[in-house]
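Welcome! Let's take a walk through this structure together, one part at a time. Have the view ready to turn as you read.

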Amino acid sequence: MGDILCIKGGVRLSGTVRAQGAKNAALPIMAATLLLEEGTVLINRVPRLDDVAIMADLLRHLGAKVDHSGELMQINITHDPRLFETPEGLVRKMRASSLVLGPLLARRGKAILPLPGGCSIGSRPIDLHLKGLARMGANLEIRRGAVYATAPGRLRGSRIYLDFPSVGATENLLMAAASAKGETVLENAAREPEITNLAQALTTMGAVIEGAGSGTIHIQGVETLKGGPMTVIPDRIEASTFLIAGAATGGEVTVIDVVPEHMEALLAKLEEAGASLMVKESSVTVRVDRPLTGVTLKTLPYPGFPTDLQPQMMVLLCLAEKTGVIHETVFESRFLHVGELKRMGAQIELQGNTSIVTGVPFLNGAEVHGTDLRACAALAIAGLAAKGTTLLKETHHLWRGYENFVDKMNDLGGKIFISNENDVCSPTATSLRELPSLQ
Ligand code: UD1
């Protein structure tokens with residue numbers, strides 16, 4: 001439930017936005033602070049998001065002091081080996097809570113983690129995390145829906161092959177290995193920029209890591225790690241969401257303070273669809289001044305096309321000429337937004353994990369429900385591009401991953417406001433900056 005977004009469609013977004021710090025890098029870096037015996041870590045460019053607040057609560061539950069002021073987060077760790085249990089309430093709110101498993105086990109020798117369970121985009125097990133930790137000498141037992149893990153003495157370095165380059169498993173094992181005894185080699189590791197950012201943070205803490213960002217990572221475990229300053233990379237998914245919004249509305253949008261190299265798969269597909277791009281050292285501009293054409297894409301681990309941009313890109317294909325095809329290979333059921341887009345007049349045929357999208361001249365505003373974080377962002381883009389008004393419900397997903405989403409879209413000329421009313425875009429709504437122009 002929560003807020004409702006009322007979106008007046010038919011705008012061409014235009015202007016400049018600055019990317020937030022990456023949610024998916026901030027979360028593991030925060031979890032990594034549990035590797036400290038004691039000390040202070042300063043993390044720059046931490047986005048103000050619900051998921052970040054959940055991770056902060058989890059760290060507090062485990063004895064840390066966490067202060068998040070503006071973009072700066074300060075975490076103070078004082079070692080308390082009695083705190084090793086993660087509460088089910090927090091783990092259920094956010095799957096990334098499982099990232100504390102590796103550091104807890106490595107530093108406190110014990111961890112209890114309720115199994116995260118499924119979520120709307122798939123069953124999302126953590127078997128690869130557990131298998132890797134077992135290779136490092138952890139004893140793992142699953143009882144009453146929770147993992148009970150112990151590591152007698154220190155975890156020991158090991159050669160670990162991941163059956164799939166899971167982002168979370170690579171991060172958990174990287175953190176555990178940083179303070180294990182001896183060398184760990186992670187094979188078929190995830191290569192996402194967020195992994196490299198975590199490795200940089202761990203290196204600042206004194207870890208010895210080589211090869212992060214490639215499929216093979218070598219980690220020499222060290223006994224003690226220390227605090228230090230670190231910086232979160234720009235959020236490539238958030239930045240890309242604004243670029244897709246610019247393209248889907250036929251506008252011109254620039255994102256600044258980004259690493260364009262992290263967004264190459266998206267940029268290639270935008271260009272293939274007919275958008276014009278201007279790529280500079282730390283900014284990207286997209287402009288669309290002719291009809292877009294459908295493209296075929298397949299979601300894959302980095303550097304492939306990110307699954308976290310699949311729903312947003314689908315909106316663009318809904319409005320392109322000719323047919324586009326999307327193969328989702330990372331998650332088993334990440335097409336819940338298809339039904340919502342169809343309510344807006346999209347023509348999409350779903351065949352297993354493939355969507356065939358036939359472009360239509362326009363979408364129509366409708367009442368739609370956000371089914372997960374990126375689906376919510378996609379539906380907001382669809383609403384901005386559509387004719388008429390869209391009511392987007394269940395926006396709580398959006399606040400998990402996008403900081404100031406409404407203000408940023410409205411700065412680009414969007415007409416979105418937040419309403420607590422159930423069914424109307426009324427002037428009693430609570431947002432507001434753009435309200436006068438809506439009337
Ligand atoms: C991370 C991102 C998420 C993104 C995903 C894929 C964070 C906080 N979240 O999620 O936004 O969509 O990467 O890019 O960084 N799997 C298993 N067993 C495991 C682990 C994963 O089968 O032990 C499967 C999952 O069910 C899924 C696939 O592997 O189908 C990818 O998962 P993974 O790379 O682990 O994603 P997350 O780390 O959960």
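Which strands does helix α8 lie across, and at about what angle does it run to β14? Before the answer, please keep in mind that what you see is a predicted model. Helix α8, made of residues 236–248, lies across β2, β14 and β16. Relative to β14, helix α8 runs at about 170°.

Those strands belong to an open sheet, so let's look at that next. In general, the strands of a sheet pair through backbone hydrogen bonds, and the pairing can be parallel or antiparallel. Here 4 strands line up in the order β2-β14-β16-β15, and their pairing is mixed. At the edges you will find β2 (14–18) and β15 (276–279); each has a single partner strand, so one side of each is left without a neighbour in the sheet. From one strand to the next, the twist averages 15°.

Now zoom in on one pair within this sheet. Strand β2 and strand β14, which covers residues 252–256, pair in the parallel sense over 5 bridges. If you would like a spot to aim for, try V17, whose bridge partner in β14 is V255. Moving over to the β15 edge, you meet another helix: α9, residues 264–272, lies across β15 and β16 (283–287). This helix α9 runs at about 145° to β15.

There is another sheet to explore. This open sheet has 3 strands in the order β6-β8-β7, with antiparallel pairing. Its edge strands are β6 (110–114) and β7 (139–143), each of which pairs on one side only. Here the twist from one strand to the next averages 15°. Between β6 and strand β8 (residues 146–150) there are 5 bridges, and the two run antiparallel. Within this pair, I112 stands opposite Y148 in β8. A helix accompanies this sheet too: α4, residues 101–108, lies across β6 and β8 and runs at about 155° to β6.

While you are here, follow the chain from β7 to β8. The loop between them holds R144, a residue other than glycine whose phi is positive, near 45°. Another backbone detail sits in the loop between β17 (296–298) and α10 (310–318), where P303 is found. The peptide bond from Y302 to P303 is cis, with omega near 10°.

Finally, let's visit the ligand. How many residues surround the ligand? There are 17, and the closest are D127, L128, S166, D308 and V330. Sorted by class, this shell has 8 nonpolar, 5 polar and 4 charged residues.

Several polar atoms of the protein can be picked out beside the ligand. A polar side-chain atom of D127 lies 2.7 Å from a nitrogen atom of the ligand. On the backbone, a polar atom of V167 is 2.8 Å from a ligand oxygen atom, while a polar backbone atom of P125 is 3.3 Å from an oxygen atom of the ligand. Taken alone, the ligand exposes 740 Å², and the protein buries 83% of that.

Which elements give two or more residues to the shell around the ligand? They are α5 (127–135) and α6 (167–178). Of the elements, α5 gives the most to this shell, with 3 residues.

Terms used: Residues numbered from 1 in each chain as written. Predicted model: local features only at pLDDT ≥ 70, side-chain atom pairs only at ≥ 80, totals over all residues. Heavy atoms only, no water. Near = heavy atom within 4 Å. Polar contact = N/O pair within 3.5 Å; in protein donor to acceptor, adjacent residues only side chain to side chain. Areas by Shrake-Rupley, 256 points an atom, 1.4 Å probe, with all protein chains shown as cover. Nonpolar A, V, L, I, M, F, W, Y, C, P; charged D, E, K, R; others polar. Pairing = 2+ DSSP bridges. Axes fitted to C-alpha atoms, helices over the stretch in contact; angles between N-to-C directions. Contact = heavy atoms within 4.5 Å.
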